[in-house]
Amino acid sequence: MLVRPVEMSRAPVLYVLKRFPRLSETFVLRELLELEAQGERILIDALLPPEDGPAHAELADLRAPVRYLPRRPRLRRPRVAWAHLRVGLRSPLVWARLAARARRRGIWRRFVQAGLTADRARREGARHLHAHFATAAADVARDAAALARVPFTVTAHAKDIFHADHAPQLARRLEGVAAVVTVSEHNAEHLRGVLNGVPVHHIPNGVSPASPGPGAQGGPLLFVGRLVAKKGVDVLIDACALLRGELPELDVEIVGGGPLAEELARRARRAGIADRIHFLGPQPAEVVDAAFRRCSLVALPSRIDEHGDRDGMPTVLIEALARGVPVVATDLVGIPEVVRHGETGLLVPPDDPPALAAAITQLVRDPALARGLAAGGRALVAERFNPDRSARLLRALFEESGR
């Protein structure tokens with residue numbers, strides 16, 4: 001459990017998030033907890049309410065007050081009108097310019113939400129605004145920062161950078177940003193190429209050190225993630241179908257939910273391996289941790305989907321290696337920065353079930369290799385993905401942006 005200092009910093013940082021909390025975004029919650037542990041006072045404005053379903057137990061440790069902005073705010077409503085009046089009187093020309101731009105671009109709703117966030121920032125003395133994902137949250141943070149006259153930064157991940165719906169809007173959403181944070185060096189190089197002159201910083205998602213797992217030889221293969229096309233779960237199912245004769249004892253646990261859940265279950269039935277593929281649905285952190293500890297390896301066959309969406313730096317791989325669990329993943333985008341083939345895990349091409357099956361067989365049949373790779377990965381994660389280090393880098397960026 002995190003030990004918190006008695007005195008929190010005087011001027012808070014206001015986070016703008018699309019939805020909070022979200023089960024699949026453990027990295028956001030843990031970042032907030034680590035910042036608080038280092039003395040930061042955090043405020044949160046969320047555009048959407050929490051998801052239905054389980055929640056992480058760590059949420060109870062968060063001190064930050066969370067406010068949910070109205071989804072469709074109207075300026076004629078008194079609370080909204082007063083907020084905009086207060087910020088508008090302080091910066092009337094800025095308010096008028098941003099309002100005209102929002103009308104022109106069709107993002108009036110985000111501008112109205114931004115007025116509420118700016119008003120909170122002014123009333124509570126926020127020194128900085130930070131958004132996760134360069135989508136709607138960045139739109140709100142950008143205009144709110146201008147109205148409140150404070151700097152803002154954004155952490156960009158993957159879908160918000162590469163997806164066909166978002167990539168063309170990236171530069172617009174990040175207008176005036178003090179700096180952009182991203183989770184892999186691959187992403188950072190791409191962003192430096194498309195964002196002229198904007199400082200881009202690679203700050204990994206931190207993962208807390210964990211005691212090594214028991215090295216559960218004979219345990220199930222584990223997948224953790226959203227059941228969407230870019231995760232390649234269909235490739236994993238096809239690979240496991242190829243392994244029916246080779247590894248008849250291998251079971252697969254799939255933790256996560258998403259739009260492809262039923263389709264993937266049907267695929268397992270058609271392949272004749274429904275009895276070996278166990279869909280566990282979305283689960284909180286403590287259940288996922290137990291799954292890590294009973295599994296023999298983790299597989300993540302990510303791909304670039306038809307819309308250009310892809311993983312940036314999948315947290316599940318870092319969490320697996322932090323626990324000393326061997327991993328097999330695809331040689332794609334930022335993944336080789338943590339899964340170094342033959343050193344910290346095994347890499348295979350995307351959309352290649354035979355190659356994935358061969359890598360799984362290699363790790364299952366050669367426990368010494370699996371242990372060696374996992375140990376190498378654990379050491380790398382301890383060095384590069386320390387949450388204390390990531391939070392300190394982020395805090396330094398907040399301070400630098402305010403000068």
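# A guided look at a predicted model

Helix α12, residues 315–322, is mostly covered, with eight of its eight residues buried. Please keep in mind that this is a predicted model.

Visitor: Which elements do the buried residues of α12 pack against?
Guide: Let's begin with the residues themselves: Thr315, Val316, Leu317, Ile318, Glu319, Ala320, Leu321 and Ala322 are the buried ones in α12. Their packing partners include both helices and strands. They are α1, β8, α11 (285–294), β11, β12 and α14 (367–384).

Visitor: Which residue with a positive phi follows α12?
Guide: Look just past the helix for a phi near 75°. The residue there is Gly324.

Visitor: In what order do the six strands of the open sheet stand?
Guide: The pairing in this sheet is parallel. β10 (277–281) and β13 (346–348) have a single partner strand each, so they stand at the edges, with one side left without a neighbour in the sheet. Neighbouring strands are turned by 25° against each other on average, direction ignored. From one edge to the other, the order is β10-β9-β8-β11-β12-β13.

Visitor: What is the bridge partner of Val252 in β10?
Guide: Strand β9 covers residues 252–255 and runs parallel to β10, joined to it by four bridges. For Val252, the partner in β10 is Ile277.

Visitor: Which strands does helix α13 touch as it packs on the sheet?
Guide: Helix α13 spans residues 353–365, and its direction makes about 165° with that of β13. Besides β13, its contacts take in three other strands of the sheet. The full set is β8 (221–224), β11 (297–300), β12 (327–330) and β13.

Visitor: Which helix gives the most to the largest nonpolar core?
Guide: This core has 60 residues, of which Leu236, Val298, Val328, Val338 and Ile360 touch the most other members. Val328, for example, touches residues including Leu297, Leu346, Leu356 and Leu363. With seven residues, the helix that gives the most is α9 (residues 233–242).

Visitor: How many residues are in the other core that lies apart from it?
Guide: Among its members are Ala99, Leu129, Ala134 and Leu191. The number of residues in this core is 46.

Visitor: Is Glu36 buried or exposed?
Guide: You will find Glu36 in helix α1, residues 26–37. A polar atom of its side chain lies 3.0 Å from the backbone nitrogen of Arg63. Its relative accessibility is 1%, and buried means under 20%, so Glu36 counts as buried.

Notes. Residues numbered from 1 in each chain as written. Predicted model: local features only at pLDDT ≥ 70, side-chain atom pairs only at ≥ 80, totals over all residues. Heavy atoms only, no water. Pairing = 2+ DSSP bridges. Helix = DSSP H or I, 4+ residues; strand = E, 2+ residues; numbered from the N terminus. Axes fitted to C-alpha atoms, helices over the stretch in contact; angles between N-to-C directions. Contact = heavy atoms within 4.5 Å. Buried < 20%, exposed > 50% of the residue type's maximum accessible area, 1.4 Å probe, protein only. Polar contact = N/O pair within 3.5 Å; in protein donor to acceptor, adjacent residues only side chain to side chain. Core = buried A, V, L, I, M, F, W, Y, C linked by side-chain atoms within 4.5 Å. Lists of a residue's contacts leave out its neighbours within four places in sequence.
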